Amino acid sequence: MDYDITVIGGGPGGYESAIKAAQLGKKVCIVESTHFGGVCLNEGCIPTKTLIKTANVFQDAKTANKFAVEGVDVENIKVSMQKLQKRKNTVVSQLVNGVKALLKGNKVTIVEGKAVFVDKNTIVVGDKKITSEYFVIATGSNTFMPPFIAQEGKTNIITSKEALDLDYVPETMAIIGGGVIGVEFAYILSRLGSKVYVLELMDKILPMVDEEVSNMAKKRLSSEGTTFYTGAKVKKVSGNNVVYELKGKEEFVTADVVLMAVGRTPNTDGLNAEGIGIEFNKKAIKTDNSLRTNIPNIYAIGDVNGKVMLAHTASHEGIIAVENICGENKTISYDKIPSCIYIDPEIACIGLTEAAAKEKYKNVKVGKFPMVANGKSLVEGDTEGIFKVIIDGESNEILGVHLYGKHTTDMISEIALAMTLEATADEVIGTIHPHPTVSEAVAEAFMASVGKPINWL
Ligand code: FAD
Ligand code: NAD
């Protein structure tokens, strides 16, 4: 065999698997067809957050007066979309180059091109044949144009990929889907000046987030100008009209640009995975909790297995897959994966929602702490938000945490660690949180779940 382990795909799942495998002493090859860093670095996490940073700076500049900063010409302040694109591309290319340097530094062999399976131990990349004892498939996911939403006439439908490259701010934008992509783009475009309409099938936006938190976020985004239609089933896009059904009635909104954001689809295009007998679950490669496919020497990690389409899940799964190849028998706890939404204020959550916890457990206790009672949030000038914790009523074990407030995406790791260590509410309360920080409210919310918070009546 040419290699011990060959990783197919250089996204956050693939490149971290390759580095881990090399660190464990394996002879490793990575094959990437388009650009290292995958969707995350090139057309996902990093570019969206770069746009979000500018949306936040723009808002801070417009409201500088509130913080006693004078002289900002609020009437004429504007964002240069060309300069924003340039900054986004610089950030992306710096990170992509960093990935290549890390791979080379760890002595991973890089092969550029598209991998196609020949058999369970062989792929071809162009005219190059590569044999390997093990394979880790990390081919990610693609944008999705749903067949159940018809298209009529001349439409202007884009996906998140094109939305990231916009060099102008559309006057009006309709977003189909109020999931994470829909809500983050609604936030970006609305703050940059578009009139945004979001059409969501379910009766709430961000279906994975606790309802109380997602309702608060919806109210906040609505107050900033985004119009939400929930319970709205989009049926077709006809020219500039997005036609949806709401409470049995057909309605439409008209927009210059339509963003399709109803999910993504696992990518195995041209890989010939079916051809060598790999089993699928719809479009996703089927794996067990150890990331093994039905073929013992082939693992599948990240978006392509369709379990939890997040970058940190892909990386974590990749490391577990490689460790299992090296003789461990590890599994991943899908109930302890944090999920973050980078609007302002931010949402960060992990574990069960209150409704899901009450379905699963007999005795559930809920604790809440409002940001209006948090000193640092007041200093930051934004007291919107709430920290909500859900614990088991008998053991005080943490079941779910939903944070809506400033800096929460940097705070959720504390809860992920606590849940990994199977800590209880009492142990989080017994942990000293620095003052003044928004993180103090984490302890206060847990105090509320077992009795009373100190800084709220
Ligand atoms: P990918 O990143 O998709 O990488 C797969 C790689 O495989 C690609 O580079 C592709 O070119 C390559 N490839 C495919 N087929 C072959 C082949 N046959 N041969 C060789 N190479 C191949 N997640 C978060 O956690 N946080 C966020 O803030 C976040 N924001 C997002 C924003 C947007 C707009 C989008 C679209 C996604 C976002 N995500 C976010 C999701 C995140 O990008 C994905 O979960 C993550 O990229 C998945 O990583 P992966 O390694 O599985 O696959
Ligand atoms: P999603 O599954 O989060 O949301 C899609 C939404 O579209 C759902 O709420 C669904 O109810 C709705 N929908 C489906 N059919 C519809 C119809 N006919 N009419 C109206 N609404 C309809 O998918 P997404 O937002 O496209 O994101 C894709 C993936 O990318 C997700 O897995 C997400 O985790 C990942 N992502 C993560 C981040 C982050 O972590 N911050 C950011 C962006 C994307």
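**Exercise 1. Find which residues come nearest to ligand 2 in this predicted model, and sort its shell by class.**

Start with the neighbours: 23 residues sit around ligand 2, and I181, E184, E200, G263 and C340 come nearest. Next, sort the shell by class: you should get 16 nonpolar, 3 polar and 4 charged residues. Now look at where they come from. The elements α6 (180-192), β11 (195-200) and β13 (232-238) each give at least two shell residues. The largest share is that of α6, with 3 residues.

**Exercise 2. Work out which backbone atoms lie by oxygen atoms of ligand 2, and how much of the ligand the protein buries.**

Go through the backbone one residue at a time. For I181, a backbone N or O atom is 2.9 Å from a ligand oxygen. For V180, a polar backbone atom is 3.3 Å from an oxygen of ligand 2. M309 also has a backbone N or O atom 3.3 Å from a ligand oxygen. Then turn to area: ligand 2 on its own exposes 850 Å², and the protein buries 80% of that.

**Exercise 3. Place ligand 2 among the domains, then describe how domain 2 and domain 3 meet.**

First, write down the assignment: domain 1 (3-142 + 265-334), domain 2 (150-262) and domain 3 (345-450). Domain 1 and domain 2 both give residues to the shell, so ligand 2 lies between them.

Now for the other pair. The C-alpha centres of domain 2 and domain 3 are 30 Å apart. Their contact takes 9 residues from domain 2 and 14 from domain 3. Together they bury about 1000 Å², 61% of it on carbon and sulfur atoms.

Terms used:
Residues are numbered from 1 along each chain as its sequence is written. Chains are lettered from A and ligands numbered from 1 in the order in which they are written. This is a predicted model: local features need pLDDT of at least 70, side-chain atom pairs count only at pLDDT 80 or more; totals for chains, interfaces and linings use all residues. Side-chain values use heavy atoms; hydrogens and water are left out. A residue is near a molecule or strand if one of its heavy atoms lies within 4 Å of it. A polar contact is a pair of N or O atoms within 3.5 Å; within protein, one must be able to donate a hydrogen and the other to accept it, and residues adjacent in sequence count only if both atoms are side-chain atoms. Accessible areas come from the Shrake-Rupley method with a 1.4 Å probe; for residues, only the protein chains shown count as cover. Helices (H or I, at least four residues) and strands (E, at least two) are DSSP runs, numbered from the N terminus. Ala, Val, Leu, Ile, Met, Phe, Trp, Tyr, Cys and Pro count as nonpolar, Asp, Glu, Lys and Arg as charged, and the others, Gly among them, as polar. Domain bounds come from an automatic or database domain assignment. Contact means heavy atoms within 4.5 Å. Buried area is the accessible area (1.4 Å probe) that two parts lose on being put together, summed over both.
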